[in-house]
Amino acid sequence: MPVKAVVTGVILVIMVFLLVYAVEFFLPLSAKADLDTACRDTMLRIENSGGLNGGVRGELQAELESAGFSNIEIDATGSARLGEKLTLHVEGDFSWNRFTDLFQREEQVIRMVYEKTTVSRKVVN
Amino acid sequence: MNIRLVHFKSIGGSAVAEVVIMAAMLVFVVFPLFSSVVERYVLLDKARLIKDSADLTNISVYNALDAENLGKVKVELSDAKAYGIFEELLSRNLRLDGGLNPEDGSVAEAKVEILSLAIYKEGFPKVCPNGSIIVRPAVHSSINVPVRPSLYRDIILNLLGRDHIDAVVHVDSEIPVNN
């Protein structure tokens with residue numbers, strides 16, 4: 001009977017490990033989706049306003065920080081007339097803990113980048 | 001004594017069977033299921049990224065063409081010009097070179113093809129080449145982006161008998177009419 005209990009215990013540990021490993025596998029993918037969504041929203045706003053201003057930059061920075069990013073760099077065209085190109089370049093480190101072994105967890109850091117170009121549609125009357 | 005021996009074998013056999021069943025479940029159920037979920041998630045994420053880039057490019061083409069023609073009495077948009085702007089912006093947003101071939105970090109795995117591009121400004125309702133009904137000013141585009149699976153890449157591609165998977169993305173972007 002003890003043999004069976006030990007085997008069941010080991011199997012449970014392995015199952016839990018696999019479950020946690022699987023969930024942690026999706027964390028960076030989810031973070032990238034968050035980064036893309038936040039940047040896409042900012043892109044639409046700077047497309048309308050003809051450039052990135054301090055307020056929008058601050059909001060993007062705060063949104064990315066709340067999503068778990070650090071060392072954030074935001075670079076964008078400051079001012080563009082109607083029809084001119086606007087580029088938004090955002091970089092940030094995403095860190096999370098993950099299993100690297102059955103009983104070992106380590107912090108992993110991955111640098112994520114978003115860079116897209118659009119055309120300004122601001123009209124100054 | 002004989003009874004005890006049989007009882008021990010029974011317990012040992014049960015534990016071994018449990019391990020074998022567990023290993024079989026891992027190999028034949030858990031790993032394939034996990035892999036297929038991850039693969040699907042990654043492919044959907046790539047499709048989302050491509051669609052987002054195409055949407056951004058669609059709006060940009062309209063804005064660029066519209067801006068260039070604001071001062072003219074008669075607006076005529078040549079296909080070559082629209083294609084040129086679309087290609088340039090798509091290249092920037094999907095990290096492609098001038099020939100629409102992928103550069104480092106691109107989601108595409110081979111040359112991207114522009115299947116169709118159309119700008120609708122009036123005469124609604126209209127039907128785009130992919131069959132969607134357009135009722136407001138919009139830019140239609142359809143692009144083919146070759147992608148490859150992330151896990152078990154060689155096995156999947158060998159099974160399909162192909163070098164890559166064609167991700168055909170069709171986006172109709174409505175033009176924001178008010179600033």
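**Notebook: two sheets, a long run of helix, a pocket**

I started with chain A and looked up how β1(A) meets β2(A), residues 85-101: six bridges join these two strands, and they run antiparallel. The model I am reading is a predicted one.

I then looked for single pairs across these two strands. A:I74 stands opposite A:V90 in β2(A). A:S70 has A:D93 of β2(A) opposite.

Next I checked the other partner of β2(A). I counted on the bridge list 16 bridges between β2(A) and β3(A), and this pair is antiparallel too. The two strands make a hairpin, with two residues between them. Two pairs went into my notes. A:F94 has A:I110 in β3(A) as its bridge partner. A:E91 is matched with A:V113 of β3(A).

I reminded myself that strands of a sheet pair through backbone hydrogen bonds, either parallel or antiparallel.

With both pairings noted, I wrote down the whole sheet. It is open and has three strands in the order β1-β2-β3 (chain A), with antiparallel pairing. Which strands stand at the edges? They are β1 (69-76) and β3 of chain A; each has a single partner strand, so one side of each is left without a neighbour in the sheet. From one strand to the next, the twist averages 15 degrees.

I turned to chain B and its sheet. This is an open sheet of three strands, ordered β1-β4-β5 (chain B), and the pairing is antiparallel. The edge strands here are β1 (113-120) and β5 (165-174) of chain B, each pairing on one side only. The twist averages 10 degrees from one strand to the next.

I looked up one pairing of this sheet in detail. β1(B) and β4 of chain B, residues 138-147, are joined by seven bridges and run antiparallel. As a sample pair I took B:I119, which stands opposite B:V139 in β4(B).

Back in chain A, I checked the helix α1(A) for length. How far apart are its end C-alpha atoms? They are 70 Å apart, and this agrees with the expected span, because 48 residues at 1.5 Å a residue should also give 70 Å. I then looked for a bend. α1(A) bends by about 25 degrees at A:L27, and a proline, A:P28, follows within four residues. After the helix comes A:G50, with a positive phi near 80 degrees.

Last, I looked up the largest pocket. Its volume is about 730 Å³. The lining has 27 residues, and the closest to the pocket centre are A:K32, B:D45, B:L49, B:G105 and B:V107. Which elements give two or more residues to this lining? In chain A they are α1 (2-49) and β3 (104-119); in chain B they are α1 (2-68) and α2 (79-94). I sorted the lining by residue type: 13 are nonpolar, four are polar and ten are charged.

One link back to my earlier entries: α1 and β3 of chain A, both noted above, are among the elements that line the largest pocket.

Key:
Residues are numbered from 1 along each chain as its sequence is written. Chains are lettered from A and ligands numbered from 1 in the order in which they are written. This is a predicted model: local features need pLDDT of at least 70, side-chain atom pairs count only at pLDDT 80 or more; totals for chains, interfaces and linings use all residues. Side-chain values use heavy atoms; hydrogens and water are left out. On a 1 Å grid over the protein atoms alone, a cavity is a set of points where a 1.4 Å probe fits but cannot get out, and a pocket is an open set with protein on both sides within 12 Å along at least five of seven lines; lining residues have an atom within 4 Å of a point. Grid points are joined across faces, edges and corners, and a volume is the space filled by probe spheres set on the points. Ala, Val, Leu, Ile, Met, Phe, Trp, Tyr, Cys and Pro count as nonpolar, Asp, Glu, Lys and Arg as charged, and the others, Gly among them, as polar. Two strands pair if DSSP finds at least two bridges between them. Axes are lines fitted to C-alpha atoms, for helices over the stretch in contact, and angles run from 0 to 180 degrees between N-to-C directions. The expected span of a helix is 1.5 Å times one less than its number of residues. The bend at a residue is the angle between axes fitted to the seven residues ending there and the seven starting there.
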